[in-house]
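Here are a few short exercises to work through with the model open beside you. Try each task before you read its solution.

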Amino acid sequence: MMELLEMEPLRLLIFLGGLIAFAALNAAYLVWLERKVAAHIQCRIGPKEVGPFGLLQPLVDGIKLMSKQLLVPNGVDPYLFKVAPLLVLVPAVMSFVVIPFGENLAARNIDLGLLMIFAFASVNVLGLLLGGWGSGNKYAVISAARAVSQNVAYEIPMLITVISLVMVTHTMNLNEIVKQQEGMFWNWYIFRLTASPLMPVAFLIFFICSLAETNRAPFDLGEAESELIAGYHTEYSGMGFGVFFMGEYANMVIGASLATVLFLGGWQSPFGIGSGWWWFLLKVYALIFCVMWVRWTYPRTTLWGLLNLSWKVLIPISLFNLLLTGATIKVVSYLFGA
Amino acid sequence: MSGYFCELYSGTKSLFVGLGITFRYMLKPVVTLQYPHESLPMSARFRGHIELIGDEETGAPKCVVCGMCQKGCPSNCISLAGEKPEGGKGKVLTSYILDFTKCSLCGQCVESCKFGAIRFSKDYNLAGPRKEAYIFDLLKRLEEKGR
Amino acid sequence: MNEPDCNPNQETFVINLGPQHPATHGVLRVKLTMDGEYIVHAEPVLGYIHRMHEKMGENRTWAQFLPNTARLDYLGALSYNHGYVQVVERAAGIEVPERAEYIRVITVELNRIASHLLWYGAFVLDLGGFTPLLYAFDDREHVLDLLESVTGARLTFCYFRFGGVYNDIDEPFITGTRAFIKRLRSRLPDYHNLVTKNIIMIKRLKEVGPISAEMCRRYGATGPVLRGSGVCYDVRKNEPYSVYPELDFDIPVYSECDSMARYMVRMDEIDQCLRIIEQALDKLPDGPVMAEKAPKIIKPPVGDYYGAVEAARGTFGIRVVSDGTNTPYRMKLRSPTFSNLSLFGEASRGMLLADALALMGSLDLVIPEIDR
């Protein structure tokens, strides 16, 4: 196995297949998980008929979506309409390339991994914009405009938070960042108060921003179903909608993975022993559970509320955090020597 | 400025309180009933479509064909007919048709019946592919029930 | 008013909100002229579910119209039953036994709670929160179970009769109602903590969708909409009917005029309904539930009669003209949500789409009642 992984083209194929399968399976089973979480929060059972605990439900849903006609309505821009879902899904899958699932389990261990993820995350919004615009539907256009302004507003605090973290880590290599958090759980960056006393707040900001970036409730203005029917994917049916959906869930996994890598120690065990990919997945799914928990608790914000939160709360606090981090680094290095 | 921080604090707190409530409800037992697998008994006064009441001994309908239910019905969904047997006294019901497509289950017919000949059924599983499936011949239903 | 006045370049587009749209809860269509996300002009278009209830009333005997009253506002059917029965009783001079009146009040208030609970869930759903809807429905099911055990129906109740009620209530109903009061009281704090105090909710409702008392008066808005604008008007207090004068309850009034005020009025009303039911159960007298002298065939003397009740959504007025025969000569139903919806066009001007939908949700519309 190890020799196989050394051979470059084969390694590429294995990881490509693995990542796409991971993204697709995640999308399918996160839908199941979401339905189960929602059901239990609402004192219901959720899917239970197809397979044990409804575990085959995602499979059946997938077959249904795939067997439906790819309908391109009259009056849409056919090229943009077809390209948009892919523009949402492909960057999300691409981002998986640099995520370190385990110590040696990353498709590509590149030095600018963090930067690459943010670069691809920005393409995602283009997909929403084109999908909304290409649909030629008024609700979809409103939704596309909302999605863009939302993404622009939330990338800033997210990036500022990440910059303050990079000031501490001195690297953008995700695997390196994880390795720096070795040992007991207080070595994780979320608890590294010596680096910046506001680290837990920084994590919270990062979490909120990743909710907004992935258009999840309470920031799901893009597809606000009680206002805009289904937003940018109003006109999509069958697998066009399915790909949008997969993209949304893949983005959710990326957001949770990134938060895990940056703040929660990635594949490191909280007790210093037994580290491995299982810890990574555990942390990622715990975060995803929180995302779902949030979704089924809160009402939706408005565009104003969202921008207010970003510009009046998150950006000032993250800027302050940036300053504080810089000051703390200087003070610590002055006191204890470089 | 202090208002800003107060709002920030109380707002964040309210969000966490909300999360706490949904988490508590998540651990509570399920309240729904898995319908096709389980079902509840209908309440005693449940108003389904009407049915004829048969005489306890003979099984023949108690109806004396006075036509009060027909007159009382706001939607004209009852049509009944009877004939006078030779030698006997009073009419005998020969057909009692309920057009359930028009019925709004108001109960005027049951109330107007002075002879206790009709009542509400507990039948609620009513699904049919055609409109004709809802033209009920109540006399036939009573006979089937008696058998 | 078709000229968009806050958009000098006339760059507007028209959106049809409905007749099938998740936020309109039925077949209401609102023609929105939009400037981006701002509403320049909103025009409600009605008539998609018009069933001629008034005309039907003129073609049926007095008693035959009873089931129709349950199909106007199917969420608060008993109040409409009550309004109709009451005006005909007054016209025909029928005395109602006291026990029947108490039973009427208990069931009407239970129905009001069910209606407000459904509104609460649907309103939060309009704002994008899904879970409170199912908590509210859980409680509402208990009310419906109680009402089913006495009326035999779960939604389109037809329970009141000229001169009383159809069935007497029994002991299981009384104990069940008391248990429900306890249960709802223990759950209401959760509702408030989950939704009312939530910062997102406050931001969306506070100072959004102002409806002034003056505007309410112009359009004839009543019910929680009017009480959320600081006017204390409730038919139960202002023109007391039934046994309401003997019961002690408050009319919640908020003077902020915003969506939050209307929300709070309804939430407080649930509390007050519980109080009313509790007192009515305590005071429930023995006796018949149907007037002994109630005639079988109603033929009110020639005249023009009007009666009003406080339904869950506002003042439900009913005017009947009798020519002395067994069918009404004219029947006019004054439905509260029709007036409440009329002000939407003016109130929503210049608002964001999301806020306007919050405003529409806070009006608590039931479309079959608007169209009749």
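**Exercise 1. Check the length of helix H8 of chain A against the ideal rise, then work out where the helix sits.**

Start with the span: helix H8 of chain A (residues 199-213) has 15 residues, and at 1.5 Å a residue it should cover 21 Å. Here the rule is 1.5 Å times one less than the number of residues, and helices are DSSP runs of H or I with at least four residues, numbered from the N terminus. The end C-alpha atoms lie 21 Å apart, so the two agree.

A quick word on the ground rules: this is a predicted model, where local features need pLDDT of at least 70, side-chain atom pairs count only at pLDDT 80 or more, and totals for chains, interfaces and linings use all residues. Residues are numbered from 1 along each chain as its sequence is written, while chains are lettered from A and ligands numbered from 1 in the order in which they are written.

Next, burial. Call a residue buried if 20 or more other C-beta atoms, placed from the backbone, lie within 10 Å of its own. Twelve of the 15 residues of H8(A) pass, so the helix is largely enclosed by the rest of the structure. Among them are Phe203(A), Phe206(A), Phe207(A) and Glu213(A). The cover over these buried residues includes H5 (113-135), H6, H10 (238-263), H11 (277-295) and H12 of chain A.

Last, look past the end: H8(A) is followed by Asn215(A), with a positive phi near 60°.

**Exercise 2. Repeat the span check for H6(A).**

With 32 residues at 1.5 Å each, H6(A) should span 46 Å, and its end C-alpha atoms are 46 Å apart, which agrees. After H6(A) comes His170(A), whose phi is positive too, near 65°.

**Exercise 3. Describe the side of chain A that touches chain C.**

Count first: 21 residues of chain A contact 26 residues of chain C, a contact being two C-beta atoms, placed from the backbone, within 7 Å. Then list the elements giving two or more residues on the chain A side: H6 (138-169), H9 (225-228) and H12 (303-336). H9(A) supplies the largest share, three residues. Finally, sort by class: eleven nonpolar, six polar and four charged.

**Exercise 4. Compare chain C with a compact globule.**

For 372 residues, the rule (2.2 Å times the number of residues to the power 0.38) gives a radius of gyration near 21 Å; chain C has 21 Å, which agrees. Buried residues make up 54% of chain C.

Key. Nonpolar A, V, L, I, M, F, W, Y, C, P; charged D, E, K, R; others polar.
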